[in-house]
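Thanks for coming. I have one structure to go through today, starting with its empty spaces and ending with one loop residue and one helix. Please have the model open as I talk.

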Amino acid sequence: MNGATERLAHFVSAIHYEDIPNEAVVTAKQAILDCLGCTIAGSTEPAVKITSDYAKTAHTAPEAGVICQGFKTSADLAAWINGVASHCLDYDDVGIMSVVGNIHPSVSILPVVLALGAKNHASGKDVLTAFIAGIETELRLGCAMGKQISAAGWHPTPVLGAMGAAAAASRILSLPVEQTRCAFGIASSFASGMQPNFGTMTKPLHAGNAARGGVIAGVLASQGFDANQTIFEEPLGFANLFGGKGVAERISQDTNWNEKWQIIRGIAFKPYPSCRGTHPGIDAMLELKREFSLSENNIASVSCKVNPWDLELLKYHDPQNTLEAKFSLEYCLSAALLDVNVSLAHFTETRLKDPKLRNIIARTNCFSPPDWADSPKLCQELTIEDNSGKNYTKKVLKPKGDPDNPMSDHELTFKFEDCASPHFTKQERQKIIHQVTQLERLDDICLLIDILAK
């Protein structure tokens, strides 16, 4: 195993359920349930209707169900629509150990294993194994590549997600090493997505494109379609193009593949349906409110010191629609001040126009001081000045959902219930939860998908 491509392909091809530590399996099932909840909640968004309508005109073979849409389509189109739905609300998990946090791993991986799993009637064990293979590939690439992808203007979720999706597809299709290498080569030509599309329907499209590209890459490779088989280490290949020199070497020299599983410590779950960069400030606001009984009536001003990299992402200081609001720290801080939590209900056109909320936004200043240039990712310091001139300050380094500040099983289940309750009965929700928590015992993943895709 000389090169990075060979190393990754061998890992994907050789991994079996029995090789995976229980802690990784537990985290994977948490991530799957969380991503399903986000997909269900996102299923009514306009972007999902448009992509679903597009797929219906294709009149493809009914290979896999589309979640909450009541129809089946080809595996690649099902993965595409489900990928879009899963990322529409920006409520899905993030990879904290890769690209300094700006990656959403599950949204490009889960749609792949569900679509190809349905097409091939895969078992729950096969789905779990393929999901973990995809996540490990994506996070290991992210760890090796660092923040160069984001610094160049790319959106890491579809860039790295296309490769993770190809890994998941290769595993669930049981591709040998050579065909897995080809799948990576094919998927590299699907890797794309630019940050200026944040705050529009095209950001969730990135996740769908990565998932669809992974399905296509795996299926084509299984049928003998060829591609460059050393795509990660080529001088003009994936690693150098997106991450700079030395990335391929770091991947090939990584010796902890069977000892240090990235999924165990590398995924953070979101308690709030907004960009992860807004979460430290939300946590600080909610904590200061609880501790000092603060409200909008006795607040003169709000200021928040922000890591400069986060501030660049949170570019909508006066959001004009709900997608922009998810990337507005001012909006999210104001919502947290007004209510006991920040939830899906805050991201509606009605709430966006709330005069009270707009009044607080006008008194809120988010900025990055010069001495914060090297501050940690997701580090924020919130200061509230009350009407008497007294200041209240809270600094947050590890927002809720981080592995060092985790959401409990109860909180994750509550989040799923909140996302799914408008679409499924209590009995159906309990069945979905049971099947995911016991996924390794499921003989055919279609038993789960048939509930989800009604």
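Before the pocket, one term: helices and strands here are DSSP runs, a helix having at least four residues and a strand at least two, numbered from the N terminus. Keep in mind too that this is a predicted model.

Now to the largest pocket. Which helix gives the largest share of its lining? That is H20, with five residues. Helix H20 covers residues 409-420, and it is joined by helix H14, residues 279-292, and strand E8, residues 391-396, in each supplying at least two residues of the lining. In total, 22 residues line the largest pocket. Those nearest the centre are Pro-271, Tyr-272, Asn-341, Lys-400 and Glu-411. The space inside comes to about 480 Å³. As for chemistry, the lining has nine charged residues, nine nonpolar and four polar.

That pocket is open; the next items are closed off. A general remark on the approach: rolling a probe the size of a water molecule over the atoms shows where empty space is left.

How many cavities of 30 Å³ or more turn up in the whole structure? The search finds three. I will describe two of them.

The largest cavity has a volume of about 130 Å³. Its lining is made of 18 residues, and Asn-102, Cys-275, Arg-276, Gly-277 and Leu-313 are the ones nearest the centre. Helix H15, residues 308-313, contributes the most to this lining, with three residues. By class, the lining of the largest cavity splits into nine nonpolar, five charged and four polar residues.

The second largest cavity has a volume of about 60 Å³. Around it you will find His-87, Cys-88 and Asp-90, then Gly-199, Thr-200, Lys-203 and Pro-204, and finally Leu-323, Lys-326 and Phe-327. Four residues of that lining are nonpolar, three are polar and three are charged.

Let me step back to the whole chain. Its secondary structure consists of 22 helices and eight strands. The radius of gyration is 21 Å, and the globule rule gives 22 Å for 454 residues, so the chain is as compact as a globular protein of that length. The C-alpha trace spans about 70 × 50 × 40 Å along its principal axes.

How much of the chain is buried? Of the 454 residues, 60% count as buried. The exposed surface of the chain is about 17400 Å², and 51% of that comes from carbon and sulfur atoms. On contacts, if we take those with a separation of 6 or more, 77% are between residues 24 or more positions apart.

Last, the loop and the helix. Asp-354 sits in the loop between helix H18, residues 349-352, and helix H19, residues 355-362. Is Asp-354 buried or exposed? Its relative accessibility is 18%, and the cut-off for buried is under 20%, so Asp-354 counts as buried.

From Asp-354 we can go to Ala-335, which is 19 residues away along the chain, with 10.0 Å between the two C-alpha atoms. Ala-335 is among the buried residues of helix H17. That helix runs over residues 329-338, and 10 of its 10 residues are buried. The buried residues of H17 include Glu-330, Tyr-331, Cys-332 and Ser-334, along with Leu-329 and Leu-338.

That is the tour.

Conventions
Residues are numbered from 1 along each chain as its sequence is written. This is a predicted model: local features need pLDDT of at least 70, side-chain atom pairs count only at pLDDT 80 or more; totals for chains, interfaces and linings use all residues. Side-chain values use heavy atoms; hydrogens and water are left out. On a 1 Å grid over the protein atoms alone, a cavity is a set of points where a 1.4 Å probe fits but cannot get out, and a pocket is an open set with protein on both sides within 12 Å along at least five of seven lines; lining residues have an atom within 4 Å of a point. Grid points are joined across faces, edges and corners, and a volume is the space filled by probe spheres set on the points. Ala, Val, Leu, Ile, Met, Phe, Trp, Tyr, Cys and Pro count as nonpolar, Asp, Glu, Lys and Arg as charged, and the others, Gly among them, as polar. The radius of gyration is taken over C-alpha atoms; the globule rule is 2.2 Å times the number of residues to the power 0.38. Buried means under 20% relative accessible area, exposed over 50%, partly exposed in between (1.4 Å probe, protein chains only). Contact means heavy atoms within 4.5 Å. Accessible areas come from the Shrake-Rupley method with a 1.4 Å probe; for residues, only the protein chains shown count as cover.
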